[in-house]
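Subject: Structure handover and notes

Dear colleague,

I am handing over the structure below, together with my notes on what was found in it. Please read the notes with the structure open beside them.

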Amino acid sequence: MGKWKKTAGLIGAMLVAASMVMAGCGSKDTGKKETAAKSPAAAKEELIVGTEPSFAPFEFPDGKDGKIIGFDIDLINAIGKKMGYKKITIKSMGFDALIPAINSGNIDAAIAGMSITDARKKQVNFSDPYYDSGLMAIVRKDNDTIHSLADLKGKKIGVQLGTTGAMEAEKIEGAKVTNFDTSDLACIELQNGNVDAVISDLPVLQYFLKQKGSSYAKAVGEPKKGDHYGIAVAKDKKDVLDGINKAMKELKDSGEYQKIYDKWFSESK
């Protein structure tokens, strides 16, 4: 009898151990399934977007509490919301730091009045164009010798580092090009007489003249059009790019994009 009890006890212990192992395996599988189920939801929690906040009216501080506002900011917030993200975080950085930040994974996308160029397309993917732009030159109001881009040969030109304006200025024969961190700084140097002209994006300089710049500066020549702004995304984030394009199309179809556009570019502003 004692022997039978001992054997029965051993068999019972083995059965308990086996059931625990099976339970453990079942628990592990369940955990995997739960993790897989949560992944898509987790991906929709936060969209981290980089910008360079000195490019009014696209992105700039509001002048009150430092909050970044502008056309690009309203647009990316609407796009992120349409994509299902619960939170859209805007990170400020230098313009020339945006693409490296995308490719290092520090941000999911960048929106900063960034022109779609062949050189940039080698490094990142771009969304469908969301704004048609171009380039423009301004000089001091008392300057009567510069009337177009052709008159800038050998002149001192201020530009924002890493922009298409900087690329255009480098093409001008004999020009002495000075790069600044922001377009605003280039304009201040124009006011101070340290540069003869500033080349920057057409809508940015138009807004600058409209807001305050016309007190000392004026546009010269015909604007050079043909630039298109896009939202930059890492090449391995096709899902993010597809989501942005889909959301942007929906915003345009619904009329919400036009409302955002009118808010910042209406002639009555």
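With which residue does Lys 246 form a salt bridge? The partner is Glu 250, and the closest N and O atoms of the two are 2.7 Å apart. Please bear in mind throughout that this is a predicted model. Both Lys 246 and Glu 250 belong to helix α8, where four residues, or about one turn of the helix, separate them. Residues three or four places apart in an α-helix point the same way, because such a helix has 3.6 residues a turn. Lys 246 is exposed, its relative accessible area being 53%, whereas Glu 250 is partly exposed at 29%.

Salt bridges across the chain

The pair just described is one of ten salt bridges that the structure holds. Another is formed by Lys 237 and Asp 108, whose closest N and O atoms lie 2.8 Å apart. This pair links distant parts of the chain, since Lys 237 sits in the loop between β12 (232–233) and α8 (238–254), while Asp 108 sits in the loop between α3 (98–103) and β5 (109–110), 129 residues apart. With a relative accessibility of 22%, Lys 237 counts as partly exposed, and Asp 108, at 16%, is buried.

A further salt bridge joins Glu 168 to Lys 224, with 2.9 Å between the closest N and O atoms. Here too distant parts of the chain are linked, with Glu 168 in helix α5 (residues 164–170) and Lys 224 in strand β11 (residues 217–229), 56 residues apart. Glu 168 is buried, with 14% relative accessible area, and Lys 224 is partly exposed, with 39%. Glu 168 and Lys 224 are also linked with Lys 171 in a network of salt bridges.

Helix α5 also holds Thr 164, which is buried at a relative accessible area of 9%. If its neighbours within four places in sequence are left aside, Thr 164 is in contact with Ser 115, Thr 117, Arg 120, Leu 135, Asp 201 and Asp 227.

The two sheets

Strand β11, which carries Lys 224, belongs to an open sheet of five strands in the order β9-β8-β10-β7-β11, and the pairing in this sheet is mixed. The edges are formed by β9 (176–180) and β11, each of which has a single partner strand, so that one side of each has no neighbour in the sheet. On average, neighbouring strands of this sheet are turned by 20° against each other, direction ignored. Strand β8 (residues 156–160) pairs with β9 in the parallel sense over five bridges, and Lys 156 has Lys 176 in β9 as its bridge partner.

A further open sheet of five strands follows the order β4-β1-β5-β12-β6, again with mixed pairing. At its edges stand β4 (87–92) and β6 (125–126), each with a single partner strand and therefore with one side left without a neighbour in the sheet. Strand β1 (residues 46–51) runs parallel to β4 and is joined to it by six bridges, with Ile 48 standing opposite Thr 89 in β4.

Helix packing

Helix α2 lies across β1 and β4 and runs at about 145° to β4. How does α2 pack with α8, and at what angle? Helix α2 (residues 71–83) packs with α8 at about 105°, their axes being 9 Å apart, and the two are therefore roughly perpendicular to each other. From α2 the contact involves Leu 75, Ala 78, Ile 79, Lys 82 and Met 83, and from α8 it involves Val 240, Gly 243, Ile 244, Ala 247, Met 248, Glu 250 and Leu 251. Sorted by class, this contact has nine nonpolar, one polar and two charged residues. Glu 250 thus has a place in the contact with α2 as well as in the salt bridge with Lys 246.

Finally, helix α7 (residues 202–211) is largely enclosed by the rest of the structure, because seven of its ten residues are buried. The buried residues are Leu 202, Pro 203, Val 204, Leu 205, Tyr 207, Phe 208 and Leu 209. They pack against β2 (60–61), β7 (131–140), α6 (183–191), β10 (197–201), β11 and α9 (256–265).

With kind regards

Definitions and conventions: Residues numbered from 1 in each chain as written. Predicted model: local features only at pLDDT ≥ 70, side-chain atom pairs only at ≥ 80, totals over all residues. Heavy atoms only, no water. Salt bridge = Lys/Arg side-chain N within 4 Å of Asp/Glu carboxyl O. Buried < 20%, exposed > 50% of the residue type's maximum accessible area, 1.4 Å probe, protein only. Pairing = 2+ DSSP bridges. Axes fitted to C-alpha atoms, helices over the stretch in contact; angles between N-to-C directions. Parallel < 35°, antiparallel > 145°, perpendicular 65-115°, else oblique. Contact = heavy atoms within 4.5 Å. Nonpolar A, V, L, I, M, F, W, Y, C, P; charged D, E, K, R; others polar.
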